[in-house]
Amino acid sequence: MTRSNVSGATAKSRSRRSRALGQLVFLGPGLAYLIVLLLIPLALVLSYTLFRRGRFGGVIYEVTGENFTRLLDPLYLDVVLGSLKLATIATVIALLVGYPTAYLIAQLPRKWKTIALVAIVLPFWTNFLIRIYAWIVLLSGPGLVNTALGKLGLGPFEFLYNRGTIVTGLIYSYLPLMVLPLYAAIEKLDPQLREASANLGARPARTFMSVTLPLTLPGVVTGCLFVFVPSFGNFVIPELLGGGRSIMVGNLVRDQFLKARDWPFGSTLALALLAVLIILLLVQAWSARRA
């Protein structure tokens, strides 16, 4: 091998090392964040599912499958099914409200689109707990709603501490997460496709079902995912607006860690929530590939 070939190979090796070093410098903080705050806690949660709770709390490091069999207990299955029901109802209503809202925003002039989108995102600029307590002020016995109804000779009504109020709180909290991906999907539609459908004699309803809805289906799936996942695992809204009468999976996980001090079973419930999340992400990825 000639000296020039050796020097060229050395230069290429140094270039590869410098590129690898540069990538490590830029990726290092993100990788450290993922490892310390995601992978290590997740590994601990996964490991706790294999052990059992001590008599006075804590973890006894004896391998057992009892935590997974407890998931099939009718008591916990009722909580999971109830959470699925409430989250599904909230997601469907959010879709029925969010799709027309996103569609109308997409038809506005550019100036008004910005204003409408800011109005949609505006609630997120306020603390989550403050917004939930505002609903308590509105719907409580002496609250603003009952006061207004009382002046009309109606009420007072018991609006709080029921499942309907929980669904209302979930919709209010996560409706913007439905509108934004739907707006992004509708905004990208080529108007000429709808014009072509109309020119071919299709009515607006047929155009919507045959053109608009299929092309915006990825946005629908993404919006439903963004609403369903936090609704399914939420524990603040059932606690405050539901008064603790309707327990959801999030409340159950919290109670296992903080009240029952049963970390192994709490970790198993958290793992079940993670499994649901992974399944939903796979569905979303599948729909995106189909689109």
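A nonpolar patch lies on the surface of this predicted model. Leu27, Leu31, Tyr33, Leu34, Ile35, Val36, Leu37, Leu38, Leu39, Ile40 and Leu44 form the patch. Together these residues have about 1,000 Å² of accessible area. Leucine 38, one of the patch members, lies in helix 1, which covers residues 3-48. The relative accessibility of leucine 38 is 45%, so this residue counts as partly exposed. The label follows because partly exposed residues fall between the 20% limit for buried and the 50% limit for exposed.

Helix 2 covers residues 66-70, and arginine 70 is found there. Arginine 70 has a relative accessible area of 22% and is therefore partly exposed. The C-alpha atom of arginine 70 is separated from that of leucine 269 by 9.8 Å. Along the chain, these two residues are 199 residues apart.

Helix 3 runs through residues 74-107 and has 34 residues. At 1.5 Å a residue, this helix should span 50 Å. The C-alpha atoms at its ends are 49 Å apart, so the span agrees with the expected value. A polar contact is present at the start of helix 3. There, a side-chain oxygen of aspartate 73 reaches to within 2.8 Å of the backbone nitrogen of leucine 75. Further along, helix 3 has a kink of about 25 degrees at glycine 98. Proline 100 follows shortly after this kink.

The loop between helix 6 (144-151) and helix 7 contains tyrosine 161. Tyrosine 161 has a positive phi of about 65 degrees, although this residue is not a glycine. With a relative accessible area of 32%, tyrosine 161 is partly exposed. Asparagine 162 makes a contact at the start of helix 7. One of its side-chain oxygens reaches to within 3.1 Å of the backbone nitrogen of glycine 164.

Helix 7 itself covers residues 163-187 and has 25 residues. From its first C-alpha to its last, the helix reaches 35 Å. That value is close to the 36 Å expected at 1.5 Å a residue. Helix 7 also has a kink of about 50 degrees at tyrosine 174. This kink lies shortly before proline 176.

Threonine 222 is found in helix 10, which covers residues 217-233. The relative accessible area of threonine 222 is 13%, so this residue is buried. The cut-off behind that label is 20%, because buried means under that value. The side chain of threonine 222 reaches the backbone oxygen of proline 218 at 2.9 Å.

Arginine 261 sits in the loop between helix 12 (249-258) and helix 13. Arginine 261 is not a glycine, yet its phi is positive, at about 55 degrees. At 45% relative accessibility, arginine 261 counts as partly exposed. Helix 13 covers residues 263-290 and includes leucine 280. Leucine 280 has a relative accessible area of 23% and is therefore partly exposed. Its C-alpha atom and that of valine 221 are separated by 9.2 Å. Leucine 280 and valine 221 are 59 residues apart along the chain.

Key: Residues are numbered from 1 along each chain as its sequence is written. This is a predicted model: local features need pLDDT of at least 70, side-chain atom pairs count only at pLDDT 80 or more; totals for chains, interfaces and linings use all residues. Side-chain values use heavy atoms; hydrogens and water are left out. Patches are made of residues with over 30% relative accessible area and no salt bridge: like charges are joined within 9 Å, nonpolar side chains (Val, Leu, Ile, Met, Phe, Trp, Tyr) within 5 Å. Accessible areas come from the Shrake-Rupley method with a 1.4 Å probe; for residues, only the protein chains shown count as cover. A salt bridge is a side-chain nitrogen of Lys or Arg within 4 Å of a carboxyl oxygen of Asp or Glu. Helices (H or I, at least four residues) and strands (E, at least two) are DSSP runs, numbered from the N terminus. Buried means under 20% relative accessible area, exposed over 50%, partly exposed in between (1.4 Å probe, protein chains only). The expected span of a helix is 1.5 Å times one less than its number of residues. The bend at a residue is the angle between axes fitted to the seven residues ending there and the seven starting there. A polar contact is a pair of N or O atoms within 3.5 Å; within protein, one must be able to donate a hydrogen and the other to accept it, and residues adjacent in sequence count only if both atoms are side-chain atoms.
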